[in-house]
Amino acid sequence: IGAWLRSGEVYFSFTPATSGTYLFNSSNTNVELQLSTTCAIASCVSATTGPGSLTASLTAGTLYYLTVEPNPPLQSTQTSTTAITVNQLALPANDSCAAPTELTAGVSVSGTLLGATNDFVGTLPALCGGDSMVGADVVYRFVPAATGNYRVDIRPTGSWTARVWVGSSCGVVSSCTSSASSYWSTTQPFTVAGTAGVPLFI
């Protein structure tokens, strides 16, 4: 779908045929996107200030409105165009505790949160920062070969923050023993204590 932008916003509507996570992409990254169930800010279900993409969990048969607005705002004599595409995302294989991705010491693994669901909720214990767990999540599993401390490096790609926590019970926030956050493509190392043969869930 194409659109012509000036200083204000334009609107699109979308009704998904099936429930799931959807990705909205703008060919022009200098825009803000907002998805609502009505043409009103109060009904916003997802929003972003850039770089021109948005993900949201949508319900089949529900009418949604996508607002597209230039960011930064255009001057009165300026114009811009954009094309919007919408795609349903598949669940990552390690979306839940049913099939965590196995980790091996010394081996880097790449993953994605696109299409993932928010399976785990709650507040981490003070030992792990006391943060509330919101948003999409995926699961990794590591079984130490020997008892000792292990270094974990996390590095998100792009302008977002990755929150990682480690526990002895998959998805149980109260079992957290270590956690860290990494911002905007920076590598953040942290240390976890492992016991030989005892799984850790990340």
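**Buried residues, salt bridges and disulfides in a predicted model**

Asp95 is placed in the loop between β8 and β9. The model described here is predicted, and this aspartate makes a good starting point for a tour of it. Asp95 is buried, yet it takes part in no salt bridge. Arg141, the nearest side chain of opposite charge, is 17 Å away. What does the side chain of Asp95 reach at 2.8 Å? It reaches a backbone atom, the nitrogen of Thr117. Leaving aside residues up to four places away in sequence, Asp95 touches Ala116, Thr117, Asp119, Asp137, Val138 and Val139. Thr117 thus appears twice in the surroundings of Asp95, once among the residues touched and once through its backbone nitrogen.

Two further residues can be introduced alongside this aspartate. Thr21 is found in strand β3, which covers residues 20-26. With a relative accessible area of 9%, Thr21 is buried. Again not counting residues up to four places away in sequence, the residues that Thr21 touches are Ala56, Ser57, Asn87, Gln88, Leu89, Gly115 and Ala116. Ala116 is therefore a point of contact for Thr21, because the cut-off for contact is heavy atoms within 4.5 Å, and Ala116 is also touched by Asp95. Asn28 belongs to the loop between β3 and β4, the latter strand being residues 31-36. Asn28 counts as buried at 12% relative accessibility. Its C-alpha atom is separated by 7.2 Å from that of Ala83, although Asn28 and Ala83 are 55 residues apart along the chain.

Attention now turns to charged pairs. Side chains of opposite charge can pair when their charged atoms come close. The structure holds 3 salt bridges. One of them is formed by the side chains of Glu102 and Arg141, with an N to O distance of 2.9 Å. Why does this pair tie together parts that are 39 residues apart in sequence? Glu102 lies in strand β9 (residues 101-103) and Arg141 in strand β12 (residues 140-142), so the salt bridge runs between those two strands. Glu102 is partly exposed, at 45% relative accessibility, and Arg141 is also partly exposed, at 23%. Arg141 is the residue already met as the nearest side chain of opposite charge to Asp95.

A second salt bridge brings together the side chains of Asp131 and Arg163, at 2.8 Å from N to O. Asp131 sits in the loop between β10 (122-123) and β11 (132-133), while Arg163 sits in strand β14 (residues 161-167), so this pair ties together parts that are 32 residues apart in sequence. Are these two residues buried or partly exposed? Asp131 counts as partly exposed at 32% relative accessibility, and Arg163 counts as partly exposed at 30%. The remaining salt bridge to describe joins the side chains of Asp153 and Arg151, with an N to O distance of 2.8 Å. Asp153 is partly exposed, at 45% relative accessibility, whereas Arg151 is exposed, with a relative accessible area of 60%.

Covalent links come next. A disulfide is a covalent bond between the sulfur atoms of two cysteines. How many disulfides does a search of the whole structure find? The search finds 2. Cys97 is joined to Cys170, with an S to S distance of 2.0 Å. The torsion about this S-S bond is about -95 degrees, so the disulfide between Cys97 and Cys170 is left-handed. The link spans distant parts of the chain, 73 residues apart, with Cys97 in the loop between β8 and β9 and Cys170 in the loop between β14 and β15. The loop that holds Cys97 is also the place of Asp95. Cys97 counts as partly exposed, at 29% relative accessibility.

The other pair is Cys128 and Cys176, whose sulfur atoms are 2.1 Å apart. Here the torsion about the S-S bond is about -105 degrees, so this disulfide is left-handed as well. Cys128 is in the loop between β10 and β11 and Cys176 in strand β15, and the pair links parts of the chain 48 residues apart. Cys128 is buried, with a relative accessible area of 1%, and Cys176 counts as buried at 4% relative accessibility. When the bonded cysteines of the protein are numbered in sequence order, the pairing reads 1-3, 2-4.

Key: Residues numbered from 1 in each chain as written. Predicted model: local features only at pLDDT ≥ 70, side-chain atom pairs only at ≥ 80, totals over all residues. Heavy atoms only, no water. Salt bridge = Lys/Arg side-chain N within 4 Å of Asp/Glu carboxyl O. Helix = DSSP H or I, 4+ residues; strand = E, 2+ residues; numbered from the N terminus. Buried < 20%, exposed > 50% of the residue type's maximum accessible area, 1.4 Å probe, protein only. Disulfide = S-S within 2.5 Å. Lys, Arg positive; Asp, Glu negative; His and termini not counted. Polar contact = N/O pair within 3.5 Å; in protein donor to acceptor, adjacent residues only side chain to side chain.
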